[in-house]
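The following briefing is organised by topic for a reader working from the coordinates. Please consult the structure as displayed here before turning to the individual points.

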Amino acid sequence: MIKAALEYIVGLNKPEILEIGNQTYSDKSLRRVSYNPKASPVELSTLTSLVEYIKSGIDSMPEKMLIHVVSPTRVQLTSPLDEDRVRECLIAVEASIPYFRYGQYMGHENFLIALQSQFIPGEDRELLLKFAGTVENGTVAQYGDDGVTQKATIKTGIASKGEAIVPSPVKLRPFRTFVEVEQPESAFIFRMRQNERDGVECALFEADGGAWKNAAMKNIKEYLQYELVEFPQFTVIS
C-alpha cells in the first residue's frame, strides 16, 4: 500500500519533458487523449442477412471495406485501419448449427436420430445407419476394423435386423457451417461399444485433421464474392 501511495503522489506532478540528442524524453508515461467512438457490431446468423445489409446501403461506410471469414462459423465486416490504427467491426455473423458430440459415445437411439437429422443424406450415411441399426439391445461381442471395412459380431440372443458392412473411415457431410454454402465432406471413424449400464453406445471421431475447415471457409469466401460481385469495394478474405 505504501508503494502504491508513493506512486500516486509522484504521478500528481506534471511530466518533465527533456530534449537530449535531438530526441524527446519524458519522466512519465504519456497517453494521447482522443475521441474516436466505434459502433457496436450488429449480430447476425446468416450470410444472406449480411449480403442484404450490404446491398441495402443503410449505413455509411468507408470507400473500402473488409469481409473477414474468421472461421467456418464466423464472418466479420470491418473497416480499414483509421488514424489510430484501429478497425471498426460493423457486422458479426455467427452461424447457427446443430451440436453433435464428436469423439464422445452416446446412446444408440440418440446416435441414430442425430445421424439422420444433422447429416446430409449420402451413401456412407445410409450404410452407417443400416450398420448401427442392426443392434437393438444386448452386448457387442467383437468389433473388427481391417482399415477398409468394419464389421460387428453380435452374441447369440441379441436382436438383429440384418447385416451391414461400413467402409472405414466413412465419408459424411454434417451441418458444420452456414447453410447457404455446401457442407464439406470429411472422414470419420465409427466406433461401437457395450456400456454395462446404458447398453450399446456409438461414436464418431473426426479423421481429416480439420481439413474440412479450410474447405468450408473457401466455400464461404466464394459465396460472398459471387453475391457481392457488383460491390468491388468489399474485399473478402479467409
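On one side of helix 5, Asn 214 and Tyr 226 are exposed, opposite the buried side of that helix; exposed means over 50% relative accessible area, buried under 20% and partly exposed in between, with a 1.4 Å probe and protein chains only. This is a predicted model, in which local features need pLDDT of at least 70 and side-chain atom pairs count only at pLDDT 80 or more, while totals for chains, interfaces and linings use all residues. Residues are numbered from 1 along each chain as its sequence is written, and side-chain values use heavy atoms, with hydrogens and water left out.

**Overall composition and confidence**

- The protein has 5 helices and 14 strands; helices (H or I, at least four residues) and strands (E, at least two) are DSSP runs numbered from the N terminus.
- Of the 238 residues of the protein, 35% count as buried.
- Of the contacts with a separation of 6 or more, 54% are between residues 24 or more positions apart; a contact means heavy atoms within 4.5 Å.
- The mean pLDDT of the protein is 83, and 80% of the residues score at least 70; pLDDT is the predictor's confidence in each residue, from 0 to 100.
- Confidence is lowest in strand 8 (residues 140-145), with a mean of 51, and highest in strand 5, at 98.
- Over residues 154-162 pLDDT stays under 50, and the model has 18 contacts beyond four places in sequence for them.
- Where pLDDT is low, the predicted coordinates should not be read in detail.

**Helix 5 and its surroundings**

- Helix 5 (residues 211-227) contains 17 residues and reaches 25 Å from its first C-alpha to its last, close to the expected 24 Å; the expected span is 1.5 Å times one less than the number of residues.
- Trp 212, Ala 216, Met 217, Asn 219, Ile 220, Tyr 223 and Leu 224 are buried in helix 5.
- These buried residues lie on the same side of helix 5 because they cover an arc of only 155° around the axis, the arc being that of the directions from the helix axis to the C-beta atoms.
- The packing partners of the buried residues of helix 5 include helix 2 (47-56), strand 12 (186-195) and strand 13 (199-206).
- Helix 5 also lies across strand 4, strand 5 and strand 14, running at about 155° to strand 4; axes are lines fitted to C-alpha atoms, for helices over the stretch in contact, and angles run from 0 to 180 degrees between N-to-C directions.

**The five-stranded sheet**

- An open sheet of 5 strands has the order 3-6-5-4-14, with mixed pairing; two strands pair if DSSP finds at least two bridges between them.
- Its edge strands, strand 3 (42-44) and strand 14, each pair on one side only.
- Strand 4 and strand 14 run parallel and are joined by 4 bridges, with Ile 237 in strand 14 as the bridge partner of His 68.
- Strand 4 pairs with strand 5 in the antiparallel sense over 5 bridges, and Ser 71 stands opposite Arg 74 in strand 5.
- Side chains alternate along strand 14: Phe 234 and Val 236 point to one face and are buried, whereas Thr 235 and Ile 237 point to the other and are not.

**The four-stranded sheet and helix 4**

- An open sheet of 4 strands has the order 7-13-12-11, with antiparallel pairing.
- Strand 11 and strand 12 pair over 3 bridges in the antiparallel sense, and Ala 187 in strand 12 is the bridge partner of Lys 171.
- Helix 4 (residues 123-132) packs on this sheet, touching strand 11, strand 12 and strand 13, and its direction makes about 120° with that of strand 11.
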